[in-house]
Amino acid sequence: MKFPLSLAAVLPACVLALSACSSVAPATGTASAATAQDVRQLGEIVDLRSGQRVTAEQLLARLAAAPRVIVGEQHDQLSHHQIEQWLLQQLQGQRPQGSVLLEMLNPDQQAKVDKVKPWLQTDPIVRPEHVAELLAWQPSWKWAQYGDLVMTVMRAPYPVWSANLDRSEIKQMFIDQPAVQGKHSNLANDGKVHDKLKDIIRVMHDNQIDAPRLAAMLSVQQQRDRRMAERLLAAPAPAVLIAGAYHAHKDLGVPLHVQDLTGGPAPLVLVLAPQGATVLAPQADFVWYTPVAAPAIASVK
């Protein structure tokens, strides 16, 4: 069924509908790199399969042994990006990193990434904001939040891949509403995956969303998850995908699509969540609880 949609009004909402953001205001300055000691002191880490607390070093050992890892974040939490930056730096020290994928990059930015990355690896003196311009970094992903993380992966020796859909693809999906095909993401669980996603979308829109737009947003969300799964499987291993927490959840997002595409197990999932949030074993393998409004961490010069 096709229906008219005001894309200018609903597209931004769809793109960020399941971003797992809170009301915490973004940082006003460029994110500072965290020291290893500072990051290890942020919150607590729980192995959801055993229910036991683990250290940052124990978590690293588990992540380093996995061919594919998904890290689910809350986009407006600066501490989550600092943890991601630290994890990638530490993982590269334990074994060569195959690739890193970012939800924040669209396919139409990939050529820019591939052009800028070799230049940055020569360690030029450049303002991070200029790199953002060269990458056509999207303003909806606050550079003050992501700048240090992006500079870290762009200067690293491994490839950086886009993991999202282009806006043109999203616009067409709003109209066509294609359904994903797969036992885990669509046909199984008596529609529970769709029901859960619809509930989340409704909450994100204060229950002020009509049925046609809800159906369109559900379709786009699952197509984004499918794209992320395809890219993660195609990327050089060991691969790390950084995305919003709902994309990372094993009972809702990318892991289900990986299982659909491979018939094998889901990737290892680490969810970063503010203290007080509820993350359960069916949703992730590990959760790292962080202070809701972590203070800025001094950079290391």
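Is Ser185 buried or exposed? Select Ser185 and find out: this residue is buried, with a relative accessible area of 0%. Keep in mind throughout the tour that you are looking at a predicted model.

**Getting your bearings**

Before zooming in, show the whole protein chain as a cartoon. You should be able to pick out 13 helices and eight strands. The chain has 301 residues, and 53% of them count as buried. If you like contact maps, here is a figure to go with the picture: among contacts in the chain with a separation of 6 or more, 78% are between residues 24 or more positions apart.

**Stop 1: Ser185 and its surroundings**

Return to Ser185, which sits in helix H9, residues 183–187. Now add the side chain of Asp260 to your selection. The side chains of Ser185 and Asp260 are joined by a polar contact of 2.5 Å. To see the rest of the neighbourhood, show Val180, Val193, His194, Gln222, Arg226, Leu256 and His257 as sticks; along with Asp260, these are the residues that Ser185 touches once those up to four places away in sequence are set aside.

**Stop 2: where H11 meets H13**

Next, colour helix H11 (residues 211–234) and helix H13 (residues 254–262). Their axes come within 8 Å and cross at roughly 60 degrees. An angle from 65 to 115 degrees would count as roughly perpendicular and one under 35 as roughly parallel; H11 and H13 are therefore oblique to each other. The crossing of H11 past H13 is right-handed.

Which residues of H11 and H13 make the contact? On the H11 side, select Gln222, Asp225, Arg226, Met228, Ala229, Glu230, Leu232 and Leu233. On the H13 side, select Val254, His257, Val258, Asp260, Leu261 and Thr262. Colour these by class and you will find seven nonpolar, three polar and four charged residues. Some names should be familiar from the previous stop: Gln222, Arg226, His257 and Asp260 are among the residues that Ser185 touches.

**Stop 3: Arg227, also on H11**

Stay on helix H11 and pick Arg227. Is this arginine buried or exposed? Arg227 counts as buried, at 19% relative accessibility; the cut-off for buried is under 20%. To view its partners beyond four places in sequence, select Pro107, Ala163, Asn164, Leu165 and Glu169.

**Stop 4: a cis peptide bond after H11**

Follow the chain on to Pro238, in the loop between H11 and strand S6 (239–244). Check the backbone here: Ala237 and Pro238 are joined by a cis peptide bond, with omega at about -5 degrees.

**Stop 5: two positive phi angles**

Which phi does Asp206 have? Although not a glycine, Asp206 has a positive phi of about 55 degrees. Look for Asp206 in the loop between helix H10 (192–204) and H11. With a relative accessible area of 59%, Asp206 is exposed.

Now jump to Ala136, another residue that is not a glycine but has a positive phi, of about 55 degrees. Ala136 belongs to the loop between helix H6 (128–134) and helix H7 (143–155). This alanine counts as partly exposed, at 38% relative accessibility.

**Stop 6: from Ala136 across to H5**

Keep Ala136 displayed and add Lys112, which is in helix H5. Lys112 is in contact with Leu134, Leu135 and Ala136, leaving aside neighbours within four places in sequence. At 37% relative accessibility, Lys112 counts as partly exposed. For a distance check, measure from the C-alpha atom of Lys112 to that of Trp137: these residues are 25 apart along the chain, and the separation is 10.0 Å.

Next, colour H5 (residues 110–120) together with H7. Their axes are 8 Å apart and the helices pack at an angle of about 75 degrees. That makes H5 roughly perpendicular to H7. Where they meet, show Val113, Val116, Lys117 and Leu120 from H5 with Val153, Met154 and Arg155 from H7. By class, this contact has five nonpolar, no polar and two charged residues.

**Last stop: Tyr289 on strand S8**

Finish by selecting Tyr289 in strand S8, residues 286–290. Tyr289 counts as buried, at 13% relative accessibility. Which residues does Tyr289 contact, leaving aside those within four places in sequence? Show Leu42, Gly43, Glu44 and Val46, then add Ala273, Pro274, Gln275, Ala277 and Val279. The C-alpha atoms of Tyr289 and Ala273 are separated by 5.0 Å, with the two residues 16 apart along the chain.

Definitions and conventions
Residues numbered from 1 in each chain as written. Predicted model: local features only at pLDDT ≥ 70, side-chain atom pairs only at ≥ 80, totals over all residues. Heavy atoms only, no water. Helix = DSSP H or I, 4+ residues; strand = E, 2+ residues; numbered from the N terminus. Buried < 20%, exposed > 50% of the residue type's maximum accessible area, 1.4 Å probe, protein only. Polar contact = N/O pair within 3.5 Å; in protein donor to acceptor, adjacent residues only side chain to side chain. Contact = heavy atoms within 4.5 Å. Axes fitted to C-alpha atoms, helices over the stretch in contact; angles between N-to-C directions. Parallel < 35°, antiparallel > 145°, perpendicular 65-115°, else oblique. Left-handed = near helix turned anticlockwise from the far one by under 90°. Nonpolar A, V, L, I, M, F, W, Y, C, P; charged D, E, K, R; others polar.
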